[in-house]
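Got the model open in your viewer? Keep the selection box handy and we'll walk through it stop by stop.

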Amino acid sequence: MAKDGAKKGSTIGKTAMWILLGLLAFSLLGFGATGLSGNIRTIGSVGSKSIPVDDYARGLQNEIQALSQQTGQPISFAQAQQFGIDRAVLQSLVRNRALDHETSELGLSVGDGTVRDEILQISAFQGVDGAFDREGYRFTLERSGISEGEFEDSLREEAARRVLQGAILGGVDMPAIYAQTLISYVGEQRSFSWSQLDATALDADLPAPTAEELRAYYAENTDAFMLPETKMITYVVLSPDALTDEVEVPEDELRAEYDARLSQYVQPERRLVERLVFSDEEAANQAAAALDVGGTTFRALVEDRGLTLTDVDLGDVSEADLASAGAAVFAAGTGDVVGPLPSSLGPALFRVNAILPAQNIPFEEAEADLRAELAIARAIRAVEARALDLDDQLAGGATLEQLAEETEMTLETIGWHAGLNEGVAAYPDFRRAARDLALDDFPQIDQLEDGSIFAMRLDEELPVRPNPYQDAIAEVRAAWDAAQTVAALSTRAAEVVTELEAGGSLETAGLTAFSETNLTRSASVAGVPDDFMSTVFDMAEGEIRVIEGQQSVVIVTLETIAPASETPEREAMRTQLRAQLGQALARDLFNIYADDVVRRAGPEIDQRALQAVHVNFP
């Protein structure tokens, strides 16, 4: 069942160039018909379709390169395997070849004319005159290690898969009632009054707990006092600060650095200036006249031009920077607007925002800061120079304790867990190393962002466990106080609820009432418990509830329930949501169909061929 010209321009044209570029890039890597050992040509088959070994290798290379670009660092094949890239590439190839098998069984294809038209549109095959270059077509494919027939077959199969996908996805539409139900749920509104009671609402202080009460509370609520999964780590660290006393910075080097930074230490008087340029002198004079009589402001002039103050900000400038306008600007005071004055862009008004006095810091005043800065830089290099020798000592069997005794490194311990961000654990590199550290890992030298070096050893892994009572006693007391406060406030709130049910109000109960009108589920009310809005939306009209927080309670009366309002924005949301739901349903249906196609095609993978590809990657 030929589909000549089906989905022309969309079935092939969008992917042909990427296929070609992938082939060209991959051909430079040394793979191909002779790039792998023996006579392996496929990594397996799916139904009647084989999976070329080069397709798998090419897919791996493309995905590894993409991941390297995302992370900004080279990704090895071993790392790629940890990310599951090899499995993802294989799964994608198996699915595509299964669909190719399915289209073959169904008799789906596109005609030669469609393939020809698409090849003619590929710029890589066009000469300088924009016309198809037959010799360039042959040469480009030859360099890629693929024949014309293979390339054209790949385009034809890609097109047939898209025809099949279009047949599965076409006409899929989520029922309108589904989107309407979601919109109605999200857009429902509540109007209510509420008041909050905290410790100040209690008539008397709570009695202090006895030791027995605290221990009983701890025993009943042990789950609230758990310690996280923790790694007990011993580490040694050498920071540049530890070596600064050993570093000597010659005075001639300090003076050379001072001279190199002279513009920082010796600066003429400067101004913070804004400049508004006009098209001609007449327009500039009119603006200046309006300013003189108070008919406008500099900001208004800027905004009338469709600009912001940031657009006209020159920053800090010297008198020389402003050329012929410099003298007048530097004679003005803070807040003054002067001009029109000439500028490189035309006549302009200048506003002075601040006066920066001249600066002349002699070498003697800058010497201490320069010495400290250069000493740290030298110390960092000294630490880096020691790193290789220290790493060699660890590789030779030296322990962290020996390094601390024999070198400048200091020995420390830490109970590290994922939530710890203090001290050395504030460094991302240390947290990364601690997270990945295993019991059988050997210590090795690593570096922190400030130039320090460290090595670590995992001594013990502690599971989630209760914090011992003696260590948690402060937390237990605070939790007990909060629980007793909330219990007392709940009792007081129950009395208020009784008054409200008898016809009273929050105000007559001596409370401050807040009124909220037509809030949706996603609305936020400051200072209330986390589950406040979800509780409000569970209430019936006229219902009164007491919602307990951590150290307060809220009394809320639900007044009205309103359906989602019909607005142009909500209609647009409904339309967009229905389209998104339809697309999601279509994708799910196609994925189900594709999974069934793979199952019926019965893929067979040659693990030896996979390994032959893997060994070619660094």
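**Stop one: the second largest pocket**

Start with α17, which gives the most to the lining of the second largest pocket, with 3 residues. Before going on, keep in mind that this is a predicted model.

Now select the whole lining: Arg432, Ala433, Asp436, Leu437, Asp441, Phe442, Pro443, Gln444, Asp446, Phe454 and Met456. The elements that put two or more residues into this lining are α17 (428–436) and β14 (453–462). Colour the set by residue class and you get 6 nonpolar, 1 polar and 4 charged. The space in this pocket comes to about 220 Å³.

**Stop two: the sheet with β14 in it**

Stay with β14 and bring up its sheet. In what order do the 4 strands of the open sheet run? The order is β12-β5-β14-β13, and the pairing is antiparallel. Strands of a sheet pair through backbone hydrogen bonds, so show the backbone here.

Look at the edges next: β12 (410–416) and β13 (446–447) each have a single partner strand, so one side of each has no neighbour in the sheet. Zoom in on β13 and β14, which pair in the antiparallel sense over 2 bridges. To find a bridge by residue, pick Gln447: its bridge partner in β14 is Ile453.

**Stop three: an aromatic cluster**

Time for rings. A search of the whole structure turns up 14 aromatic pairs. Select Phe125 and Tyr137: their ring centres are 4.7 Å apart and the planes stand at 80°, and since an angle over 60 degrees counts as edge-to-face, that is what this pair is. Phe125 sits in the loop between α5 (112–121) and α6 (134–143) while Tyr137 is in helix α6, so the pair ties together parts 12 residues apart in sequence.

Add Phe132 to the selection. Phe132 and Tyr137 make a tilted pair, with 5.6 Å from centre to centre and 55° between the planes.

Is Tyr137 buried or exposed? Tyr137 has a relative accessible area of 2%, so this residue is buried. Phe125 is buried as well. Phe132, at 30% relative accessibility, counts as partly exposed. Finally, throw in Phe151: ring pairs link Phe125, Phe132, Tyr137 and Phe151 into a cluster.

**Stop four: arginines over rings**

Two quick selections here. Show Arg521 with Tyr185: the arginine lies over the face of the ring, 3.6 Å from the ring centre. Then show Arg305 with Phe278, where the arginine again lies over the face, at 5.1 Å from the ring centre.

**Stop five: two helix residues**

Pick Arg299, which you'll find in helix α13 (residues 298–304). Arg299 has 45% relative accessibility, so this residue counts as partly exposed. Put a distance label from Arg299 to Leu276, C-alpha to C-alpha: it should read 9.9 Å, for a separation of 23 residues in sequence.

Last pick: Ala159, in helix α7 (residues 148–169). How is Ala159 classed, buried or exposed? Its relative accessibility is 0%, so Ala159 counts as buried. For a final label, join the C-alpha atoms of Ala159 and Glu559: these two are 400 residues apart in sequence and 60 Å apart in space.

Conventions: Residues are numbered from 1 along each chain as its sequence is written. This is a predicted model: local features need pLDDT of at least 70, side-chain atom pairs count only at pLDDT 80 or more; totals for chains, interfaces and linings use all residues. Side-chain values use heavy atoms; hydrogens and water are left out. On a 1 Å grid over the protein atoms alone, a cavity is a set of points where a 1.4 Å probe fits but cannot get out, and a pocket is an open set with protein on both sides within 12 Å along at least five of seven lines; lining residues have an atom within 4 Å of a point. Grid points are joined across faces, edges and corners, and a volume is the space filled by probe spheres set on the points. Ala, Val, Leu, Ile, Met, Phe, Trp, Tyr, Cys and Pro count as nonpolar, Asp, Glu, Lys and Arg as charged, and the others, Gly among them, as polar. Rings of Phe, Tyr and Trp (its six-membered ring) pair if their centres lie within 6.5 Å; planes under 30 degrees apart count as stacked, over 60 as edge-to-face and the rest as tilted. Buried means under 20% relative accessible area, exposed over 50%, partly exposed in between (1.4 Å probe, protein chains only). A charge sits over a ring if NZ of Lys or CZ of Arg is within 6 Å of the ring centre and within 35 degrees of the ring normal. Two strands pair if DSSP finds at least two bridges between them.
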